[in-house]
Amino acid sequence: KHGTTIALRLFTVMLPSLAFLFYFARWTERRTQAPVARDLLVVALGAGTMLFPYSILFVGHAQAAIAAFSSFMVLTWLPPGSGCGGDVSVASPSLSPSLTRIAVAGALAGAAVLLEYQLLLIVVLLALYAVWAVRGRAVWFLVCALPFAIEIVAYHAPLFGRPWRFPYCHLATQALAHSPHLAPPARPGPRPPAPPAPPVPPPAG
């Protein structure tokens, strides 16, 4: 069991995080044309944010963040020599992403929501950006994100009763499960009696 956990951490979180930092460095350098800015941003991201502590644990936080920002990087990837000093708008015909890149960006956005459904808000912004950047071809972004949406709906519906019901309502941690902001509405009916108060000890002396 311990070996399985270590393997999952290594191959599904640690190595993808390292690969993300590598491509983030290339993406940053192409946009800034400044190796110093690239190094500073990579160090700040890798050591100055929550990416590092979450990238050594088997949780979906780092994976989801990596997938979401990778989607943006794929949409805005620049060819060599087209950084600062030129037209870096992806709406420019010479820099517009290919259909393959649009499809990969959509799949990464869908995977981000599958890993952490709260990132749906970010993915909506990514989809709007794709529509602005590539116009009608953004349909491929949506098509490639759709299978992940179907998967999360198919997962939530039988487990939690509704596709849109939050799993936080079913947490095993009682303090969170009974939070008034997360718990489902209380059922009507008589409430159980409150437990009796503990006896007060007589004063000493």
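Select helix 7 to begin, since the largest share of the lining of the second largest pocket, five residues, comes from this helix. The coordinates on screen are those of a predicted model, and the tour keeps to what can be picked out in them.

**Stop 1: the second largest pocket**

With helix 7 still highlighted, add helix 5, because each of these two helices supplies at least two residues of the lining of the second largest pocket. The space in this pocket comes to about 310 Å³. Its lining numbers 14 residues, and if you display Leu114, Leu115, Tyr117, His156 and Pro167 as sticks you will have the ones closest to the centre of the pocket. Colouring the lining of the second largest pocket by residue class gives nine nonpolar, three polar and two charged residues.

**Stop 2: the largest pocket**

Keep helix 5 (99–115) and helix 7 (139–160) selected and add helix 6 (120–134), as each of the three supplies at least two residues of the lining of the largest pocket. Here, too, helix 7 deserves attention, for it gives the most to the lining of the largest pocket, with nine residues. About 420 Å³ of space lies in the largest pocket, and 21 residues line it. To find its centre, select Val113, Tyr117, Leu120, Ala149 and Ile152, which are the lining residues that lie nearest to that point. What is the division of the lining of the largest pocket into nonpolar, polar and charged residues? The lining of the largest pocket consists of 18 nonpolar residues, two polar ones and one charged one.

**Stop 3: a nonpolar patch on the surface**

Now switch to a surface representation and select Leu120, Leu121, Ile122, Val124, Leu125 and Leu128, which together make a nonpolar surface patch of about 590 Å². Leu120 has already been met among the residues nearest the centre of the largest pocket, and it is one of the residues of this patch as well. Another member, Val124, is found in helix 6. With a relative accessibility of 42%, Val124 counts as partly exposed, and it can therefore be part of a patch, for which a residue needs over 30% relative accessible area and no salt bridge.

**Stop 4: the salt bridges**

Where should one look for salt bridges, of which a search of the whole structure finds two? Select Glu29, Arg38 and Asp39, which are linked in a network of salt bridges. In one of the pairs, Glu29 forms a salt bridge with Arg38, and a distance label on the closest N and O atoms should read 2.9 Å. In the other, the side chains of Asp39 and Arg38 meet, again with 2.9 Å from N to O. Glu29 is partly exposed, with a relative accessible area of 29%, and Asp39 is likewise partly exposed, at 38%.

**Stop 5: loops with a positive phi**

Move next to the loop between helix 1 (2–32) and helix 2 (35–48), where Gln33 lies. Although Gln33 is not a glycine, it has a positive phi of about 55°; with 44% relative accessibility, Gln33 counts as partly exposed. For a further example, go to the loop between helix 6 and helix 7 and select Arg135, whose phi is near 55°, a positive value in a residue other than glycine.

**Stop 6: two positions in helix 2**

Within helix 2, select Gly46 and then Leu40. Are these residues buried or exposed? Gly46 counts as buried, at 18% relative accessibility, because the cut-off for buried is under 20%. Leu40, in contrast, counts as exposed, at 58%. Each position can be paired with an earlier one in the chain: the C-alpha atoms of Gly46 and Ser17 are separated by 9.0 Å although the two residues are 29 apart along the chain, while Leu40 and Ala25, 15 residues apart in sequence, are 9.7 Å apart in space, C-alpha to C-alpha.

**Last stop: the whole chain**

Finally, zoom out and show the whole protein chain as a cartoon, which has eight helices and zero strands. Followed from the N terminus on, its elements run α-α-α-α-α-α-α-α. If you colour the chain by relative accessible area, buried residues should make up 30% of its 205 residues.

Note on methods
Residues numbered from 1 in each chain as written. Predicted model: local features only at pLDDT ≥ 70, side-chain atom pairs only at ≥ 80, totals over all residues. Heavy atoms only, no water. 1 Å grid on protein atoms, 1.4 Å probe; cavity = no way out; pocket = protein on both sides within 12 Å on 5 of 7 lines; lining within 4 Å. Points joined across faces, edges and corners; volume = space filled by probe spheres on them. Helix = DSSP H or I, 4+ residues; strand = E, 2+ residues; numbered from the N terminus. Nonpolar A, V, L, I, M, F, W, Y, C, P; charged D, E, K, R; others polar. Salt bridge = Lys/Arg side-chain N within 4 Å of Asp/Glu carboxyl O. Buried < 20%, exposed > 50% of the residue type's maximum accessible area, 1.4 Å probe, protein only. Patch = residues over 30% accessible without salt bridge, like charges linked within 9 Å, V, L, I, M, F, W, Y side chains within 5 Å. Areas by Shrake-Rupley, 256 points an atom, 1.4 Å probe, with all protein chains shown as cover.
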